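Here's a quick tour of one protein model, with a look at its pockets, its cysteines and one strand. Have the structure open while you read.

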Amino acid sequence: MPKLNENYLNLKESYLFSEIAHRVNEYSNANPDKKIIRLGIGDVTRPLGAKVIEELHNGVDALASAETFKGYGPEQGYGFLRDAVVSYYKENGVSIEPEEVFVSDGAKSDTGNITDLFAKDNVILIPDPVYPVYVDTNIMNGRNITYMNANAENHFLPMPDKNIHADIIYICSPNNPTGAAYNHEQLKEWVDYALENNALILYDSAYECFITDETLPRSIFAIEGAKNCAIEFCSLSKTAGFTGTRCGYTIIPKALKFDAANGEQMSLNAMWNRRQTTKFNGVSYIVQKGAAAVFSKEGMAECKENIKYYQENAKIIAKELESKNIRYFGGVNSPYIWFECPNGMDSWEFFDYLLNNAQVVGTPGAGFGENGKNFFRLTSFGNRENTIEAMERIDKLL
């Protein structure tokens, strides 16, 4: 019989959002007359922009003609999209090269698959609470994880502890689930720590498009020295509503090199390129045509309109929490609002209370780690009418 990867036995019984779906479906089946408002999973509701749709159609049309047909594309992404990403970074004051851009089907895949590059015995440093994919993919690989406390006292922005050595550090800013965002000085501390420890930062920048404070960095590569110690993961899911279309990109600087046990220097850029060309056939031409349109002047303007819509939803949620004197984080430079569960409830208890009494679905903080057990996450990605109605229900309930 085959020997299985028994590290899977160390995982929680189900993925966080699978458990939420199970509970909601169970309630819905028992109460078919109840309207459920979902503000839990971070899925968008606004349609794709007109410019993106136009280019998606152009991509489809190209496949209908022998002269313009596209078969297998480059695993790293088409040049027109890699160049568009480079231009986008340049507009935000960061210089990268096209060969450092790898197009994928989303940040979730890349943050999980990047673990292929690293040995089992690395010391992994992950904040608690955190996006579950970081934790689960390392558990699947049998790695031990060291957690750093993110809590209300440090505004859910843990800083380096010089008494702790780490080889690989996960940072998400603006953060999922807490909405907290590191400033330039704080990120510089993390970069300096990584350089001093010869460590690597895996930086999830999926929500950079929600940053409104112009003093906050939108890329870790805005920090001096970061190209020698960081990989950045980005996504069009929230920037452009590509949650179903699926497209993201990962930036791996050519300067990222570490010594192997035999003394040979290995390039992470070259290793990831080798991994992708072996295990990945690239994102479809059609999707990449639409993705490139995101970075056009018209496309970006349309994306910003949708983001503005979600930001207004966040203000509506925050206003309700303020009226109830409930302490919350995020909602300004992030689409997520992270708040303390009222009346001393733990997060799963509050989840059931909210579902059963107000038919509103959020995300229990316990699903993101021990430090989230008394916190709850709502997203601003619902439509306006549902967001307002959900807050009216919560207002009556609390």
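Two strands count as paired here if DSSP finds at least two bridges between them. With that in hand, and keeping in mind that this is a predicted model, let's start with strand E7.

**Strand E7 and its partners**

E7 covers residues 230–235. On one side, strand E6 (residues 200–204) runs parallel to E7, and four bridges join the two. If you want a spot to click on, Ile201 stands opposite Ala230 in E7. E7 also pairs with strand E8 (residues 248–251), this time in the antiparallel sense, again over four bridges. There, Ser235 stands opposite Gly248 in E8.

So is E7 buried or exposed? It's mostly covered, with six of its six residues buried. In a regular strand, side chains alternate between the two faces of the sheet. For E7, one side holds Ala230, Glu232 and Cys234, the other holds Ile231, Phe233 and Ser235, and all of these are buried.

**The cysteines**

How many disulfides turn up in the whole structure? The search finds zero. Cys234 is in no disulfide, and the nearest cysteine sulfur, on Cys209, sits 10 Å away. A disulfide calls for two cysteine sulfur atoms within 2.5 Å, so a 10 Å gap rules that pair out. Cys234 counts as buried because its relative accessibility is 3%, and the cut-off is under 20%. Cys341 is buried too, at 9% relative accessibility.

**The two pockets**

Here's how the largest and second largest pockets look on paper:

| Pocket | Volume | Lining residues | Make-up of the lining |
|---|---|---|---|
| Largest pocket | About 620 Å³ | 31 residues | 14 nonpolar, nine polar, eight charged |
| Second largest pocket | About 470 Å³ | 24 residues | 12 nonpolar, six polar, six charged |

In the largest pocket, the lining residues closest to the centre are Leu11, Tyr15, Pro132, Val135 and Asp136. Helix H1 (16–30), helix H4 (107–113), strand E3 (124–128) and helix H5 (132–140) each supply at least two residues of that lining. Which of them gives the largest share? That's H5, with seven residues.

For the second largest pocket, Gly42, Lys108, Tyr131, Tyr207 and Lys238 lie nearest the centre. H4, H5 and helix H7 (237–240) each put at least two residues into its lining. H4 and H5 therefore appear in the lists for both pockets.

Terms used. Residues numbered from 1 in each chain as written. Predicted model: local features only at pLDDT ≥ 70, side-chain atom pairs only at ≥ 80, totals over all residues. Heavy atoms only, no water. 1 Å grid on protein atoms, 1.4 Å probe; cavity = no way out; pocket = protein on both sides within 12 Å on 5 of 7 lines; lining within 4 Å. Points joined across faces, edges and corners; volume = space filled by probe spheres on them. Nonpolar A, V, L, I, M, F, W, Y, C, P; charged D, E, K, R; others polar. Buried < 20%, exposed > 50% of the residue type's maximum accessible area, 1.4 Å probe, protein only.
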